[in-house]
Structure formats: C-alpha cells, structure tokens
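User: I would like to go through this structure step by step, from its core outwards to the chain as a whole. Please keep the reasoning explicit in each reply.

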Amino acid sequence: MILNEKINLLYKMRFMENEGDDIEVFENILNEMSIEGTNDIILDLCTIFEDEVTEPAANNYLIETIFYIAKRNDLEAGLYNLALGTPKMLPHAEFWAERIHRTLLNSKDLLISYGKVLEKLESSTKQTIKEILMGIKDDDPDLYLDKANSLLEK
C-alpha cells in the first residue's frame, strides 16, 4: 500500500467506529509510515487528529509517529511541517494541537528546533500557534511560563 492510501485509510479509521477498525491495524500502519515516510507526510498526518475519538491511543500513536519521522529525516523540516499542519487541526482537534505543543515545550531539543522553525512561518500560522501557546501558559504558568515565552518571542 502506498503512503497516500495509508493516510486515507488512517483518516477513515480515526474514529474507530466501523467494523474492522482496529487500533492494532491503525498502529501497524503508523509503524510502517514511520519507517517509510518523509517529512512531507507530516502535513497529511495532522489532518487525521480528532478530539472526538473512541480510542485516544490512536492519536498518541500519531504524535509518536510524527516526531519519529521528523527526528529520522530532518528535525527542523519535520517540525516546520508540523507547524504548518497545526491550523489544519483546528477546531476539530484542539486538544491534540495543544498536546503536541505541550510535548514540544517539555523537550529541550524539540523546543530549540521549534523556535527556529517559528521564525520562518507566515503570520497567520504564527498567530494560531501563539494562541495555543498562550492557552498552555495560562493553564499552567508554573510549568510553562518561561518555555512558552521563549517561543512566543519568536
């Protein structure tokens, strides 16, 4: 199965509502994509996120796959695609967009690279990410104030 077919299948399976939708199948497809995929598919993977899923583990596997692909190929290019994909997650996957950004804030290596990426983005994408970071910072300032501010300066 080619990558586009796999992405389409994941998109159809994301709610895990149809007969034959199986978290193990979903995870196996993501494993294959993590090995075969390049940073180009990260934008498409962002469209699969959904807040209203019956199996949240599916979105956790999706996050792991995105970061694995980015680290395996070119971290900054992968994070750039992730940043471009963030607006495609809203409003239907707001929780997961925030979750991804919390993950970024909690990783020193990812945080540094993501800061470089933010400088290259268009203003509308920057604004979307800024709103997510402000929400995270406001929810838990003790943990995220400095980290979020370092990115917001970009």
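Analyst: A nonpolar core is a set of buried Ala, Val, Leu, Ile, Met, Phe, Trp, Tyr and Cys residues joined through side-chain atoms within 4.5 Å. The model discussed here is a predicted one.

User: Which residues have the most contacts inside the largest nonpolar core?

Analyst: The largest nonpolar core has 43 residues. Helix α4, which covers residues 57–72, gives the most to this core, with seven residues. The residues with the most contacts inside the core are Leu45, Phe49 and Leu82.

User: Which residues does Phe49 contact, leaving aside its neighbours within four places in sequence?

Analyst: Contact is taken as heavy atoms within 4.5 Å, and the buried residues of α4 include Asn59, Leu62, Ile63 and Ile66. Those four are among the partners of Phe49. With the sequence neighbours left aside, the full list is Asn59, Leu62, Ile63, Ile66, Met89, His92, Ala93, Trp96 and Ile100.

User: Against which helices do the buried residues of α4 pack?

Analyst: The buried residues of α4 are Ala58, Asn59, Leu62, Ile63, Thr65, Ile66, Phe67, Ile69 and Ala70. These buried residues pack against α2 (23–36), α3 (42–46), α5 (75–85), α6 (94–105) and α7 (108–118).

User: What distance separates the end C-alpha atoms of α4, and what span should its 16 residues have?

Analyst: At 1.5 Å a residue, the 16 residues of α4 should span 22 Å. The expected value agrees with the model, because the end C-alpha atoms of α4 are 22 Å apart.

User: Is Thr128 buried or exposed?

Analyst: Thr128 lies in helix α8, residues 123–139, and, not counting residues up to four places away in sequence, Thr128 touches Thr86, Pro87 and Leu90. The relative accessible area of Thr128 is 17%, and the cut-off for a buried residue is under 20%. Thr128 is therefore classed as buried.

User: How many helices and strands does the protein chain have, and what is its radius of gyration?

Analyst: The secondary structure of the protein chain comes to nine helices and zero strands. For 154 residues the globule rule gives 15 Å, and the chain comes close to that value, so it is as compact as a globular protein of that length. The radius of gyration of the protein chain is 15 Å.

User: What share of the contacts with a separation of 6 or more comes from residues 24 or more positions apart?

Analyst: Buried residues make up 42% of the 154 residues in the protein chain. Among contacts with a separation of 6 or more, the share from residues 24 or more positions apart is 70%.

Notes: Residues are numbered from 1 along each chain as its sequence is written. This is a predicted model: local features need pLDDT of at least 70, side-chain atom pairs count only at pLDDT 80 or more; totals for chains, interfaces and linings use all residues. Side-chain values use heavy atoms; hydrogens and water are left out. Helices (H or I, at least four residues) and strands (E, at least two) are DSSP runs, numbered from the N terminus. Buried means under 20% relative accessible area, exposed over 50%, partly exposed in between (1.4 Å probe, protein chains only). The expected span of a helix is 1.5 Å times one less than its number of residues. The radius of gyration is taken over C-alpha atoms; the globule rule is 2.2 Å times the number of residues to the power 0.38.
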